[in-house]
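Please open the model in your viewer and keep the selection panel at hand. The stops below go from one group of elements to the next, with a suggestion of what to select at each.

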Amino acid sequence: DPQQLELATSGKRKLRRFIVIDEVVDELYGSKVREYFKENNVQHKILALPTTEETKSMDLVLKILQEVQKFSLDRRMEPIIAIGGGVCLDIVGLAASLYRRRTPYIRVPTTLLSYVDASVGAKNGVNFLQCKNKLGGYTPPVASFLDRSFIQSIPRRHISNGLGEILKMALMKHKGLFDLLKSHGKYLLDTKFQSYSGSVNDEDAALQTTRIAIETMLEELAPNLWEDDLDRLVDFGHLISPELEMRVLPSLMHGEAVNIDMAFMTYVAYARGLLSAEEKEQIIQCMRGLELPVWHNGCNWALIKRALMERLKHSGGQPRMPLPTGLGMAEIFNDTSEETLERAYELWVRD
């Protein structure tokens, strides 16, 4: 709106921003964030919160909204800013969508997982009754600001965790991305996705990997932002992992649980004859190279059956199972027999 823009930049009205930041990120970068708003003469309130899967609840959403109300935020001109990992972005997105029915918000992801996953798309939500993201909505941010320098301070395991979601897109849609992960996985882990060549260029593995992952994710999400079509390749790795992740909290991170799901589904694809033994082995070895778990004793046959039954409830009575049909290719299947699943499970456990 040109009038709002003129008002905001004319100096007649002081700029104000409400920022929610993960408390760990605040310890590392909070002083820089405060300095930025001070230098730009922006009146601001920074709310630092513990944003983890265990605290991802409506209680935290309400806590944010109480502070937003105290700040007297103008929803037309003062977007809420979320700085943190995927959990932080999810919680703030839900809070923003509820405040005065819809308040704009901006995502600033600070982990690799949130950089390539939570920063893209419209979904937000919180856990409820020990179920992952049971409450939520579809409210896209007005912007996502991506800065890989945040990633340099996160632990190696968190880098690996993010690589799980990147590998998902590689297996579903992009063999070139799979090849990048195979050949540069260790380098990306060692350098924490930073660019050291002096100038960022197309040869930069970190830039290429993140860009392709985000572009392929956008290709899948943009035409189906509100999930009217339930056949979604991006659901690969998300059939069993929600049940597993919540069951074993906090021992598995999101990307790790997704990878265990993907490893099992790779065996399902092999058992169905969709993948050769060599392709199956390439995928599992790539996962190991990215330092991702390929099995977990909590992912037993009973949990798998329960998770797939839960899947049927929320996907129109069909499993809608994305499976790789080669490296970088996939299709949705509704006809995988229990016998095939059980055979795949036995092979997976044996290996």
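A crossing of two helices is called left-handed if the near helix is turned anticlockwise from the far one by less than a right angle, and right-handed if clockwise. Please keep in mind throughout that this is a predicted model.

**Helices H7 and H8**

Begin by selecting residues 175–191, which are helix H7, together with residues 205–221, which are helix H8; their axes come within 10 Å and cross at roughly 135°. Angles from 35 to 145 degrees that fall outside the range of 65 to 115 count as oblique, and H7 and H8 are therefore oblique to each other. Viewed with one helix in front of the other, H7 passes H8 in a left-handed crossing. To see what lies between them, show the side chains of Leu177, Leu180, Leu181, His184, Tyr187 and Leu188 in H7, which meet Ala205, Ala206, Gln208, Thr209, Ile212 and Ala213 in H8. Coloured by class, the residues of this contact of H7 with H8 divide into nine nonpolar, three polar and no charged.

**Helix H6 against H8**

Keep H8 on display and add helix H6, residues 156–173; the axes of H6 and H8 come within 9 Å and cross at roughly 65°. Here too the crossing is left-handed, with H6 passing H8. In H6, select Ile166, Lys168, Met169 and Lys173, which meet Thr209, Ala213, Thr216, Met217, Glu219 and Glu220 in H8. By class, the contact of H6 with H8 has four nonpolar, two polar and four charged residues. Thr209 and Ala213 deserve a second look, since they are listed in the contact of H8 with H7 and also in the contact of H8 with H6.

**The five-stranded sheet**

Now hide the helices and show the open sheet of five strands, whose order is S2-S1-S3-S4-S7, with parallel pairing. Which strands stand at the edges? They are S2 (43–49) and S7 (143–144), each with a single partner strand, so one side of each is left without a neighbour in the sheet. Inside the sheet, select S1 (residues 16–22) and S3 (residues 80–84), which pair in the parallel sense over four bridges; Ile21 has Ile83 in S3 as its bridge partner.

Bring back helix H3 (residues 58–71), which packs on the sheet and touches S1, S2 and S3, its direction making about 165° with that of S2. Helix H4 (residues 86–98) also packs on the sheet, where it touches S1, S3 and S4 (105–109), and its direction makes about 165° with that of S3.

**An aromatic pair and a loop**

A search of the whole structure finds seven aromatic pairs. For one of them, select Tyr29 and Phe150, whose ring centres are 4.9 Å apart and whose planes stand at 80°, so the pair is edge-to-face. This pair links distant parts of the chain, with Tyr29 in helix H2 (residues 23–39) and Phe150 in the loop between S7 and H6, 121 residues apart.

From H2, move on to Asn41, in the loop between H2 and S2. Its phi is near 55°, a positive value in a residue other than glycine; most residues other than glycine have a negative phi.

**Helices H10 and H13**

Next, select H10 (residues 254–271) and H13 (residues 338–350), whose axes come within 8 Å and cross at roughly 115°. The crossing of H10 and H13 is right-handed. Among the residues to display are Phe264, Tyr267 and Tyr270 in H10, and Arg343, Tyr345 and Trp348 in H13. The contact of H10 with H13 has, by class, twelve nonpolar, one polar and one charged residues.

In the loop between helix H9 (241–247) and H10, select Pro250, which a cis peptide bond joins to Leu249, with omega about -5°.

**The hairpin**

Finish with S8 (residues 321–326) and S9 (residues 329–333), which pair in the antiparallel sense over five bridges; Leu323 has Glu331 in S9 as its bridge partner. S8 and S9 form a hairpin with two residues between them, and Gly328 in the turn has a positive phi of about 85°.

Conventions:
Residues are numbered from 1 along each chain as its sequence is written. This is a predicted model: local features need pLDDT of at least 70, side-chain atom pairs count only at pLDDT 80 or more; totals for chains, interfaces and linings use all residues. Side-chain values use heavy atoms; hydrogens and water are left out. Axes are lines fitted to C-alpha atoms, for helices over the stretch in contact, and angles run from 0 to 180 degrees between N-to-C directions. Contact means heavy atoms within 4.5 Å. Ala, Val, Leu, Ile, Met, Phe, Trp, Tyr, Cys and Pro count as nonpolar, Asp, Glu, Lys and Arg as charged, and the others, Gly among them, as polar. Two strands pair if DSSP finds at least two bridges between them. Rings of Phe, Tyr and Trp (its six-membered ring) pair if their centres lie within 6.5 Å; planes under 30 degrees apart count as stacked, over 60 as edge-to-face and the rest as tilted.
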